[in-house]
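Visitor: I would like to go through this model with you. Could we begin with its overall sheet and then turn to a pocket?

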Amino acid sequence: MTEPYDLITMGRIGVDIYPLQTGVPLAQVETFGKFLGGSATNVAVAAARLGRRSAVISRTGSDPFGDYLHQALRDFGVDDRWVTPVDAYPTPVTFCEIFPPDDFPLYFYRRPKAPDLVIRPEELDRDAIAAARIFWITGTGLCEEPSRSATLAALEARAKRDTTVFDLDWRPMFWGGEGGASGDGGASGAVAMATARPYYEAALRHATVAVGNVDEAEVATGLRDPKACAQALLDMGVELAVIKQGPKGVLAVHRDGRTAEVPPTPVEVVNGLGAGDSFGGSLCHGLLAGWDLEPMMRYANAAGAIVASRLACSSAMPTADEVDAFLAGR
């Protein structure tokens with residue numbers, strides 16, 4: 001490696017199988033599109049679309065879907081050298097239903113175990129992780145071994161150099177809970193949160209930035225008020241807390257006292273999935289550029305809104321010119 005990466009993400013990868021019809025229950029959908037997916041992977045793609053040199057640490061099955069994901073990463077300009085095959089498990093697929101403007105149920109097929117949860121500590125390129133300008137991990141990476149130990153080992157190798165982002169990324173079903181991509185996890189939500197919280201706390205000790213919605217922040221802090229969540233995350237060791245509030249916009253609070261509260265960017269929503277990952281890649285872009293909090297949040301909000309107005313996730317990530325044009329038209 002001659003130069004550090006702008007961004008290395010670590011976490012989920014898989015194939016998104018999305019309906020090509022909206023407002024139709026999955027049982028009645030007749031045609032689907034196939035897309036690169038997985039939150040950490042989408043963040044790397046989003047940053048690459050903005051001109052950043054990015055890479056992903058993950059694993060796929062040793063199968064045709066795994067081959068597809070490698071090709072898709074290369075097509076998006078994301079380095080796939082640390083995406084390796086696992087013979088024992090199939091590449092995960094995720095289905096969704098699309099009921100705009102705010103109902104997008106997800107169906108994860110990640111059993112008996114997802115390959116991205118078989119990342120092992122001894123496989124990590126710790127020098128590259130330490131050298132990257134931004135390193136990004138997710139809550140899902142903490143839900144099972146050996147990924148949990150590998151994620152914490154990567155954070156230790158990182159040693160809070162430069163910018164280390166913890167995407168709080170709460171998926172109750174990966175922790176023994178119920179429910180959708182976020183929320184309280186149904187009847188078993190409190191138990192799932194209690195199981196996850198010590199690992200979230202351990203990761204936060206190594207992070208400089210925490211980003212998530214109120215549901216996700218509650219897993220880490222036990223609180224739901226956005227400002228209280230942000231302060232608690234700062235107290236747990238991060239320098240910047242970013243709380244996404246959906247229709248209420250986004251709150252960013254820095255340890256140095258700077259704050260920004262930015263309203264949402266209204267668009268006609270086609271598919272809200274992937275908007276948060278676009279936000280994340282754009283957040284990294286702004287952090288790398290050294291932007292102030294408010295313009296950085298407005299830019300990230302705009303990038304997320306663009307993806308929400310499109311069908312797919314990875315292939316919907318905007319370029320810098322598209323975000324600039326979108327903001328100029330507001």
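Guide: The sheet comes before the pocket in what follows.
Guide: This is a predicted model, in which local features need pLDDT of at least 70, side-chain atom pairs count only at pLDDT 80 or more, and totals for chains, interfaces and linings use all residues. Residues are numbered from 1 along each chain as its sequence is written, and side-chain values use heavy atoms, without hydrogens and water.

Visitor: In what order do the nine strands of the open sheet run?
Guide: The order is β5-β4-β1-β8-β9-β10-β11-β12-β13, with mixed pairing. Strands are DSSP runs of E, at least two residues, and helices are runs of H or I, at least four, numbered from the N terminus; two strands pair if DSSP finds at least two bridges between them.

Visitor: Which strands stand at the edges?
Guide: β5 (78-86) and β13 (259-262) do; each has a single partner strand, so one side of each lacks a neighbour in the sheet.

Visitor: How do β1 and β8 pair?
Guide: β1 (residues 7-10) and β8 (residues 134-138) pair in the parallel sense over four bridges. Thr9 stands opposite Trp136 in β8.

Visitor: Now the second largest pocket: which residues are closest to its centre?
Guide: They are Val209, Leu240, His254, Arg258 and Leu287, out of 14 lining residues. A pocket is an open set of points on a 1 Å grid over the protein atoms alone, where a 1.4 Å probe fits, with protein on both sides within 12 Å along at least five of seven lines; lining residues have an atom within 4 Å of a point.

Visitor: Which helices supply at least two residues each of that lining?
Guide: α8 and α9 (293-308) do.
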